[in-house]
Amino acid sequence: AVHAAAADTPSTSSGTNRKLVSYFGLWYAFNIVFNILNKSTLNIFPKPWLLSTIQLASGVIWMAGMWALRLQPVPKVSPKLIFSLAPVALFHTVAHVSACVSFSKMAVSFTHVIKAAEPVFSVILTSVFMGESFSAMTYLSLLPIVAGCSLAAMKEVSFSIGGFNGALISNLGSVLRNVFSKKLLNEFSYIDGINMYALISIISLCYLAPVAYFVEGSTWAAGWSAAASALGSNAKFVQLLALGGVFYHLYNQVSYQALTGISPLTFSVGNTMKRVAVIVSSVVFFRNYVSPLNWVGTGLAILGAYLYSNSKIKK
Ligand code: 3PG
């Protein structure tokens, strides 16, 4: 999900607060459901490139329906808007497909532990490329993140180097996407969160579909029939794919809606807490073994991500 730039104001009305609370609730709930559906699909259809393309396509079909039925106003699109969205969509694509590759190779919970290290990438990229400097507290908060992720990685039974690298690349994509989108959401404030995310999905689909076809296209037919026979019918597999795709779209869309009313930092605290909910629910659902030391590492990484956001809010 991308970060909007509007700052919190003390005068936020209770109606707006209620709206925000429901956006956050839906964001967490949709994300938990998505992660469970996504991993259940990858277990029988280990084609992360094709699957992430299908997820983007489902969102595009969903939005085409919303626009056609006039449930959502059709956005006014200009070449300038498309040009500005192009890099954001590219980074969104990289963040999604590499996360999906990671989910296909390791436990969902572990990918999310590594995704909690996003602040480390944010600090490195913004200090190296934008010359930004941070408070001592911000730098210090990176230590528990790195230590926690390393400890969790050492004790993770599902660890795979490909999955680990996928999660790291996903962090890079997410940070770049956020840097680019802050400016964008301010500049095109006449486009609401729902339409902004829909346009990003369309451009992302254009990027990803040909690459996914190149990477996994030749295994499509065999993968499909194995998954359909594992579930018992083509219809059941289509249902699973469609549900996963719609939940992927909805969790991102709701996060965009939330973001128009909060600062990027409030968003990042919310995203860290979301990972706690996803880690716990996926461990319970998939009954993954998590050693006590792994829990300690996970807790440290999450605590570091929280301290990071807090130190920036204070600043
Ligand atoms: C994905 O696209 O699946 C992600 O990049 C996971 O990251 P998120 O939990 O921050 O959306």
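This briefing walks through some helices, helix pairs and single residues of the structure above. Keep in mind that you're looking at a predicted model. Three helix pairs come up: α2 with α8, whose axes are 8 Å apart, α1 with α10, whose axes come within 8 Å, and α5 with α6, with axes 9 Å apart. After those, we'll look at a few residues one by one.

**Helix α2 on its own**

- Helix α2 covers residues 48–68, which makes 21 residues; at 1.5 Å a residue that should span 30 Å, and the C-alpha atoms at its ends are indeed 30 Å apart, so the two values agree.
- Plenty of α2 is tucked away: its buried residues include Pro48, Trp49, Leu50 and Leu51, and further along the helix Gly59 and Met63 are buried as well.
- What do the buried residues of α2 pack against? They pack against α1 (14–44), α3 (79–105), α8 (193–216), α9 (220–231) and α10 (234–259).

**α2 with α8**

- These two helices pack at an angle of about 150°, and are therefore roughly antiparallel to each other, since angles over 145 degrees count that way.
- The crossing of α2 and α8 is left-handed.
- On the α2 side, the contact is made by Trp49, Leu50, Ser52, Thr53, Leu56, Ala57, Gly59, Val60 and Met63.
- On the α8 side, the residues taking part include Ala198, Ser201, Ile202, Leu205, Leu208 and Glu216.
- Sorted by class, the residues of this contact are 13 nonpolar, 5 polar and 1 charged.

**α1 with α10**

- The axes of α1 and α10 cross at roughly 150°, and the two helices are therefore roughly antiparallel.
- This crossing, too, is left-handed.
- From α1, the contact draws on residues including Leu20, Tyr23, Phe24, Trp27, Phe30, Asn31 and Phe34.
- From α10, it draws on residues including Leu240, Leu243, Gly244, Phe247, Tyr248, Tyr251 and Val254.
- How many charged residues does the contact of α1 with α10 have? It has none, next to 18 nonpolar and 6 polar residues.

**α5 with α6**

- Helix α5 (residues 118–130) and helix α6 (residues 136–155) pack at about 140°, and they're therefore described as oblique to each other, because an angle has to be over 145 degrees to count as roughly antiparallel.
- The crossing of α5 and α6 is left-handed.
- Pro119, Val120 and Val123 are the α5 residues here, and they meet Thr138, Leu142, Ile145 and Val146 of α6.
- By class, that contact has 6 nonpolar residues, 1 polar residue and no charged ones.

**A covered helix: α4**

- Helix α4 (residues 108–115) is mostly covered, with 8 of its 8 residues buried.
- Among those buried residues are Phe110, His112 and Lys115.

**Far apart in sequence, but with contacts in space**

- Val246 is in helix α10, while 186 residues separate it from Val60 in the sequence; the C-alpha atoms of Val246 and Val60 are 9.3 Å apart.
- Leaving out residues up to four places away in sequence, Val246 touches Ser58 and Trp62.
- Val246 has 19 C-beta neighbours inside 10 Å and so counts as partly exposed, because being buried takes 20 or more.
- Val94, in helix α3, has 20 C-beta neighbours inside 10 Å, so Val94 counts as buried.
- Val94 and Asn171 are 77 residues apart along the chain, with their C-alpha atoms separated by 9.3 Å.
- With residues up to four places away in sequence left out, Val94 touches Ile169 and Gly173.

**Positive phi outside glycine**

- Which residue with a positive phi follows α2? That's Arg70, whose phi is about 60° although it isn't a glycine.
- Arg70 lies in the loop between α2 and α3, and it is exposed, with 8 other C-beta atoms within 10 Å.
- Arg287 also isn't a glycine, and its phi is positive, near 50°.
- You'll find Arg287 in the loop between α11 (264–286) and α12 (292–314).
- Is Arg287 buried or exposed? Arg287 is exposed, because it has 7 other C-beta atoms within 10 Å and a residue with 12 or fewer counts as exposed.

Terms used:
Residues numbered from 1 in each chain as written. Predicted model: local features only at pLDDT ≥ 70, side-chain atom pairs only at ≥ 80, totals over all residues. Axes fitted to C-alpha atoms, helices over the stretch in contact; angles between N-to-C directions. Helix = DSSP H or I, 4+ residues; strand = E, 2+ residues; numbered from the N terminus. Parallel < 35°, antiparallel > 145°, perpendicular 65-115°, else oblique. Left-handed = near helix turned anticlockwise from the far one by under 90°. Contact = placed C-beta atoms within 7 Å. Nonpolar A, V, L, I, M, F, W, Y, C, P; charged D, E, K, R; others polar. Expected span 1.5 Å × (residues − 1).
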